[in-house]
Amino acid sequence: MYKNSIFWFRQDLRIFDNKGLIKAIKSSENLLAIFIFDKNIVGDFLWLKDKKFLFLKEALFSLDEELKELWWKLVIYNDFPERIIPKLCEEYSINAIFTNRSYGRYWKGRDEKILSYCLENDIDFFGENDFLLNEPEEIEQRKVFTPYYKLWSKKLFEKKIVLERAENVNQTEVDFDIKKYLNELIPWEKHPYFTLDFWKQRLEEFNYEKYDDTRNYLGMDWTSKLSVYLRFGIFSVRDVYLKVKDISETFVKELAWRDFWQHISYYFPYVKEFEFQEKRRNIKWRYDKDLFRKWCDWETGYPVIDAAMKQLVEEDSMHGRARMIVASFLTKDLLIDWRWGEAFFKKHLLDYDENVNFGNWQWSASVGADPKPLRIFNPCLQSEKFDREGEFIRKYLPELEGEDLKGIHNPLENEIDYLAVIVDHREAQRECREEFRRSVERGKVKD
Ligand SMILES: Cc1cc2nc3c(=O)[nH]c(=O)nc-3n(C[C@H](O)[C@H](O)[C@H](O)COP(=O)(O)OP(=O)(O)OC[C@H]3O[C@@H](n4cnc5c(N)ncnc54)[C@H](O)[C@@H]3O)c2cc1C
């Protein structure tokens, strides 16, 4: 039993079934619960106008409320972890630090620094697996999803998941007013689209039975929208898994994809630098800033692409099928480097996860793990198929309200009062196939 411990909240902003927190409680007499706005990430000041912080602020208030039920409170710092943690350890005579593991490049390095401080100062440091159903190293290395999924399912079955509740423990005395602190740091408002009330209702009421049939339709509200809440650990991924496991295998598979991309980054860390597939490393990407800007600013002339990009920028999120369509368009029709797309998504997505985003971008560009034959999405067909009535497009591009559905789906073959297309998909896909073929030849010459 440790006399004084810290529990460091990160991507696990809840008390229910929080693995690291439960371990900390069981092992400590006094606990200090902290969250750090890491200055290495947010700089010297938070981007006050960035609405992503509104979400985090609401999540922290809510966590503090939950902690109060255990007679605790959350203490928040805006600092460099490598500076504030040693300070707290000295001030409160800390013997152990507990947290849950994170998996991005920066986070791994950060934990290593804290661990080495702990080793030098005779403080124990514990990281638990709270974020994933199966951690990367629990599964033997696989490059393709289907064999990975078989091992993943078997492992999960063996685990016999039981959800746990946090118990009470003494709170280390700290003078801290969370309302004053957060309201000064971030202007008081809620995120316009992602609030905590929304997820509670969503988790309970979402129709997982219909998910298989409807998840691809852009205009319908038929994906779970849980990724944001999973990203911040607002609820336990094990809780979601237990809810869906006997209802929708498709949904369970999506949760496996979430773990799969962590697995790929763990075993093949070079995917952050270059393409997973060696034969795809000689593509001559275009670095055309003007075309890229038009993709970012929803000015491609293809309504389905433009509507999706507007959704991303305005709502900090994008429908999963739409992500695939716009990523294919950027990397295949415009032949722009997938790294530019990855960086733009990073800037805007509230559910941004480095390993998942890199994995999906490479997959969409046909250069990544789980390779499929070169697949180029036709934006016109995708639009017809997955936004049949044009609801999605018209929601984001109301100026197309009076336009004929045929033109909205296929501006190449129909008259439409809208922006001119920036490339003709029919020619672009030929060029793309040719470039992918040539790039393989280039690779062979090098060998
Ligand atoms: C180019 C591109 C970039 C992406 N970047 C991210 C990202 O940064 N962060 C992120 O969480 N997802 C990312 N995704 C995956 C996926 O699009 C989102 O997880 C999903 O759209 C979130 O909406 P939802 O919660 O309604 O998903 P649902 O369809 O309801 O799926 C349920 C859950 O399964 C997981 N999931 C679903 N699809 C995937 C997938 N392809 N890969 C990994 N996990 C998945 C998510 O956690 C999601 O919440 C990306 C996909 C593409 C094509």
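Student: How do you know which residues surround the ligand in this predicted model?

Tutor: In this predicted model, a residue is taken to be near the ligand if one of its heavy atoms lies within 4 Å of it, and 26 residues surround the ligand, the closest being Tyr211, Thr223, Ser224, Lys225 and Asn357.

Student: What makes the approach of Tyr211 to an oxygen atom of the ligand a polar contact?

Tutor: The cut-off is a pair of N or O atoms within 3.5 Å, and a polar side-chain atom of Tyr211 lies 2.5 Å from an oxygen atom of the ligand, so the pair counts as a polar contact. By that criterion Ser224 also qualifies, with a polar side-chain atom 2.6 Å from an oxygen atom of the ligand, and so does Asn360, with a polar side-chain atom 3.1 Å from a nitrogen atom of the ligand.

Student: How much of the ligand's accessible area does the protein cover, and which elements give two or more residues to the shell?

Tutor: On its own the ligand has 810 Å² of accessible area, of which the protein covers 92%; the elements that give two or more residues to the shell are α10 (227-231), α12 (249-267), α15 (320-333) and α17 (354-364). The shell draws at least three residues from each of domain 2 (132-161 + 190-267) and domain 3 (269-446), and by class it has 13 nonpolar, seven polar and six charged residues.

Student: Why are some empty spaces in the structure called cavities?

Tutor: A space is called a cavity because a 1.4 Å probe fits there but cannot get out, and the structure holds five such cavities of 30 Å³ or more. In the largest cavity lies about 140 Å³ of space; 17 residues line this cavity, and the closest to its centre are Trp363, Ser364, Ser366, Lys372 and Arg375. Two or more residues of that lining come from each of α15 and α17, while by class the lining divides into seven nonpolar, six polar and four charged residues.

Student: What makes Arg231 one of the residues that line the second largest cavity?

Tutor: A lining residue has an atom within 4 Å of a cavity point, and Arg231 is listed in the lining of the second largest cavity, as are Gln11, Trp107 and Asp353, among others. This cavity has a volume of about 90 Å³, and its lining draws at least three residues from each of domain 1 (2-130) and domain 3 (269-446).

Terms used. Residues are numbered from 1 along each chain as its sequence is written. This is a predicted model: local features need pLDDT of at least 70, side-chain atom pairs count only at pLDDT 80 or more; totals for chains, interfaces and linings use all residues. Side-chain values use heavy atoms; hydrogens and water are left out. A polar contact is a pair of N or O atoms within 3.5 Å; within protein, one must be able to donate a hydrogen and the other to accept it, and residues adjacent in sequence count only if both atoms are side-chain atoms. Accessible areas come from the Shrake-Rupley method with a 1.4 Å probe; for residues, only the protein chains shown count as cover. Helices (H or I, at least four residues) and strands (E, at least two) are DSSP runs, numbered from the N terminus. Ala, Val, Leu, Ile, Met, Phe, Trp, Tyr, Cys and Pro count as nonpolar, Asp, Glu, Lys and Arg as charged, and the others, Gly among them, as polar. Domain bounds come from an automatic or database domain assignment. On a 1 Å grid over the protein atoms alone, a cavity is a set of points where a 1.4 Å probe fits but cannot get out, and a pocket is an open set with protein on both sides within 12 Å along at least five of seven lines; lining residues have an atom within 4 Å of a point. Grid points are joined across faces, edges and corners, and a volume is the space filled by probe spheres set on the points.
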